[in-house]
Each structure stands twice: as structure tokens, then as C-alpha cells.
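Please open the structure in your viewer and keep the selection tool at hand. The tour below moves from stop to stop, saying at each one what to select and what is to be found there.

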Amino acid sequence: MRELEDRYISLLTDFGFKRIFGTAPNKELLICFLNSLFDGTQVIRDVKYLNNEHLGDSSLDRKAIFDVYCEGENGEKFIVEMQNAYQEFFKDRSLFYTTFPIREQAEKGSEWDFRLTHVYTVALLNFDMHEDSFDADDICHTVKLCDVKTNKVFYSKLDFIYVEIAKFDKTEDELVTLYDKWLYVLKNLSRLESRPKVLLDKVFDRLFEEAEIAKFTPRELREYEDSRKAYRDLKNSLDTAKREGIAEGMEKGLAEGLEKGLAEGMEKGRAEERRKSLAEKREIALQLLATGMPAEQVSAIVGLPMEELKDC
């Protein structure tokens, strides 16, 4: 296995994301990130990792596999997902995934009163959602069930949090909050040659220790290589599709422009021919009328209506 040129793993890969946020020994990193995201609106002191694969009620049902699925000390459920590519029905997927932690709370027996604990879906997006309902100037968006007229929260125990990390563009010198630093790490970790001073906080000690590729076992190295290849293949496919889409759009626009220009040119040519033909007919009509030929006969010969001859 050849040595990778990067010093640290990419958290945008499946392997890197789950290594840092999805393992019990590193749960303090997940807790730290989530607390920086919630910024005091929700305080997480501990989490317990749950089975991240969920099957439907029957063998015919769809299943859901979460990147990270855990439970807080008060029973609240957290789904944390890294999404690298836009999907047409991504919002539907987010909603579908929340049905699993909701349904599993149903207690067996007839005494259950339908009381549910809070469910949070945190989606880290390596793309711009271009969602009309979002503030385009923000990166983090929290979606709740609200009354559309009053904008007041109708149900407070279901949160969808979308973080468009692709839009995060702060430099090292601009990192102020812990949340800023986490977003910077999520987006740029694999590009770092050394640990920046701004990230020397003790909370990141474990992160950089776990992220250093040189400390990987041969098996971990193979798994990371496979994960990084899958990520790069996806990115290359998206970039190629984007380039081809632009090229196709330009080609289509050029073809449509040429077609439109040709049509307009032909129409102008036909209009000019009609103008010249009319002028020639009028000239002939004038000559025939000058000989004393009746207007009706001149109209029949040159093909001009009587109304046209009145102007000659």
C-alpha cells in the first residue's frame, strides 16, 4: 500500500466522517460538535450510539442506514448525516429517515400514551441546496413544524438542521467561535499540512490524533483509500456532469442562436425580395398606365390589386 500524500483524513469521506463522529471512543468529538451547533439551545452531556441500520416493518419495506445515530441522556435521538451530492428528493429522504427513530419509540402494550422524545436530523451538506425557503446568506438552517400563518412552532420535538458546509468560506484568521472551527475542520482537514494555531484548543487534540493517516493500521489505510476513492469518483462524476451540462448548454444556446439568426436572416431576405418585387411591379404598372391601358387590365397583368394601383 503506497503512502498517501495527505497528512490528515478527509471528513467528507464515509470512513473519515464515521471514524471521527461515529465511534464510541470518539463520542466526545460528536458531543462537542453538536453543542457548538446548538449553541446553548440544547446541551448534550452524553450520547449512546445506537444501531445505524433500520429495517422496515416488513421485508418489502425500505431500510435506512444512518451515518451516525445516537441517543442523548434524556432519550432524545440524533441522526447525523454527511451528504456530498444533491438528490432530487433529499427532503423526502430526510423526512423518511425520521420515521424510524419515531416509530421505534412506540412501547408495546396498550398503556402507551404516544409520548415521544425529541428527534434531531442533522444533515451536513457538501453542496448548496438552493432551497427557496432558506435564507441564501445563511449556512445553517433549522426547520420545524410551524403554523404557516403565525409562524409559531406547532410541534417542538422534531428538528431538521441543514448545514451547507460547501458555502463556508472563512479563513483561519476569521475563525472565532467553536462552531466556526468545526466547520473549517469539516471542510478543510485533509488539506492541512500541520495543525493551525487557531485549532490548538484542547477539544481538538483527539481529533488530530485520530485523523493522522500515518498512525493507521494497514487495514485502516485500505478502508480509507477505498472510501476516498469512492468520494473522488463521486466528485469527478459530478464535476464532469456539471462541465458537460455547461458545454451542452453553451452548444445548445449556440445552435439555438444560429438557428434563430438563420431564421431571422431568411425572413429578412424574403422581406427584401418582396419589397423589390413590389417596387418592380409598381414600375411596370406605371409604364402600362402611361400608355392608356385600363387599370383593371394592368392589375391583371402585373398582379397588383386595384387599391395598389391608386397609389401609382
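What follows is a walk through pockets, a cavity, some helices and two loop residues of a predicted model.

**First stop: the largest pocket**

Begin with the largest pocket, whose volume is about 660 Å³. To centre the view, select Asn84, Asn126, Tyr231, Lys235 and Asp239, which are the closest to the pocket centre among the 25 residues that line it. Then colour helix H6, residues 218-290, since this helix contributes the largest share of the lining of the largest pocket, namely ten residues. If you colour the lining of the largest pocket by residue class, you will find ten nonpolar, six polar and nine charged residues.

**Second stop: the second largest pocket**

Move next to the second largest pocket, which holds about 370 Å³ of space. Here the selection to make is Ser133, Phe134, Thr142, Val143 and Lys144, the closest to the centre of this pocket out of the 19 residues that line it. Helix H3 (90-103), strand S7 (140-146) and strand S8 (153-164) are the elements that each give two or more residues to the lining of the second largest pocket. Which of the elements gives the most to this lining? Select S7 to see it, for this strand gives seven residues to the lining of the second largest pocket. By class, the lining of the second largest pocket consists of ten nonpolar, three polar and six charged residues.

**Third stop: the cavity**

How many cavities of 30 Å³ or more does a search of the whole structure find? The search finds one, and the volume of the largest cavity is about 50 Å³. To display its walls, select Ile79, Glu81, Phe90, Arg93, Ser94, Tyr97, Thr121 and Ala123, which line the largest cavity. At least two residues of this lining come from each of strand S5 (77-83), H3 and S6, and H3 supplies the largest share, with four residues. The lining of the largest cavity divides by class into four nonpolar, two polar and two charged residues.

**Fourth stop: helices H1, H2 and H4**

Now select helix H1, residues 14-21, which is mostly covered, with six of its eight residues buried. Those buried residues of H1 are Phe15, Gly16, Phe17, Arg19, Ile20 and Phe21, and showing their side chains together gives a view of the covered part of the helix.

From there, select H2 together with helix H4, residues 178-188, and draw the two axes, which come within 8 Å and cross at roughly 120 degrees. Are H2 and H4 roughly perpendicular or oblique to each other? Angles of 65 to 115 degrees count as roughly perpendicular, and with a crossing at roughly 120 degrees H2 and H4 are therefore oblique to each other. The crossing in which H2 passes H4 is left-handed.

**Last stop: two loop residues**

Finish with Asp39, in the loop between helix H2 (27-38) and strand S1 (47-49). Its phi is near 50 degrees, a positive value in a residue other than glycine. Asp39 counts as exposed because its relative accessibility is 67%, where the cut-off for exposed is over 50%.

Then select Phe114, which is placed in the loop between H3 and strand S6 (119-125). Phi of Phe114 is near 70 degrees, which is likewise a positive value in a residue other than glycine. Is Phe114 buried or exposed? With a relative accessible area of 62%, Phe114 is exposed.

Notes: Residues are numbered from 1 along each chain as its sequence is written. This is a predicted model: local features need pLDDT of at least 70, side-chain atom pairs count only at pLDDT 80 or more; totals for chains, interfaces and linings use all residues. Side-chain values use heavy atoms; hydrogens and water are left out. On a 1 Å grid over the protein atoms alone, a cavity is a set of points where a 1.4 Å probe fits but cannot get out, and a pocket is an open set with protein on both sides within 12 Å along at least five of seven lines; lining residues have an atom within 4 Å of a point. Grid points are joined across faces, edges and corners, and a volume is the space filled by probe spheres set on the points. Ala, Val, Leu, Ile, Met, Phe, Trp, Tyr, Cys and Pro count as nonpolar, Asp, Glu, Lys and Arg as charged, and the others, Gly among them, as polar. Buried means under 20% relative accessible area, exposed over 50%, partly exposed in between (1.4 Å probe, protein chains only). Axes are lines fitted to C-alpha atoms, for helices over the stretch in contact, and angles run from 0 to 180 degrees between N-to-C directions. Angles under 35 degrees count as roughly parallel, over 145 as roughly antiparallel, 65 to 115 as roughly perpendicular and the rest as oblique. A crossing is left-handed if the near helix is turned anticlockwise from the far one by less than a right angle, and right-handed if clockwise.
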